[in-house]
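Trainee: Please pick the helical part of this model and go through it closely.

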Amino acid sequence: MTDDSRTDRATDATGTPSDAEIPADGVTYETRVPPGESPVRCPYCDRPLESEKLLVLHEGLDHWTELSDEEREAFRETYQAETDDLRTFRLKMFGVLILAYFAFLFVYSYHTKDPFSATALVVASISARGR
Ligand SMILES: [Zn+2]
């Protein structure tokens, strides 16, 4: 399986990561960057991130003690917005799950004449496995 998504990493002419890409702790980060955009870097640990929003979240989670009051307030606002977006996404996915459930239920009830045929199928498969 190939990963054809574009990753933007600092490389030299031979394609190996440059020294600037490898942090002092030896951990490398793979960051997906949309074409035409450059990643932002954490000013505290030099980690590349996709967007300013992710940088604010990263700073708040990993460098809380080093942040100023304005940066902490920006983190709180961004974190709250992210939480609201996540809640909205979960509600939408729950709605999709309910729609899919009833869609399959209607298709099943339309195509079957015996409502217990699925139960009979399960019982038959279990008894056939027992032989
Ligand atoms: Zn950092």
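Mentor: Helix 3 is hardly covered: zero of its 13 residues are buried (20 or more other C-beta atoms within 10 Å of the residue's own, with C-beta atoms placed from the backbone). This is a predicted model, in which local features need pLDDT of at least 70 and side-chain atom pairs count only at pLDDT 80 or more, while totals for chains, interfaces and linings use all residues. Residues are numbered from 1 along each chain as its sequence is written. Helices here are DSSP runs of H or I with at least four residues, numbered from the N terminus.

Helix 3 covers residues 117–129, and its end C-alpha atoms are 18 Å apart. That agrees with the 18 Å expected for 13 residues at 1.5 Å a residue (1.5 Å times one less than the number of residues).

Now the other two helices. Helix 1 (residues 52–62) and helix 2 (residues 69–111) have axes that come within 9 Å and cross at roughly 115° (lines fitted to C-alpha atoms over the stretch in contact, angles from 0 to 180 degrees between N-to-C directions). The two helices are therefore roughly perpendicular to each other (65 to 115 degrees). Residues in contact have C-beta atoms, placed from the backbone, within 7 Å. Helix 1 contributes Lys53, Val56, Leu57, Glu59 and Gly60 to this contact. From helix 2 come Glu71, Arg72, Ala74, Phe75, Thr78, Tyr79 and Glu82. Of the residues in this contact, five are nonpolar, five are charged and two are polar (nonpolar: Ala, Val, Leu, Ile, Met, Phe, Trp, Tyr, Cys and Pro; charged: Asp, Glu, Lys and Arg; polar: the others, Gly among them).

Definitions and conventions: A residue is buried if 20 or more other C-beta atoms lie within 10 Å of its own, exposed if 12 or fewer, and partly exposed in between; C-beta atoms are placed from the backbone. Angles under 35 degrees count as roughly parallel, over 145 as roughly antiparallel, 65 to 115 as roughly perpendicular and the rest as oblique. Two residues are in contact if their C-beta atoms, placed from the backbone, lie within 7 Å.
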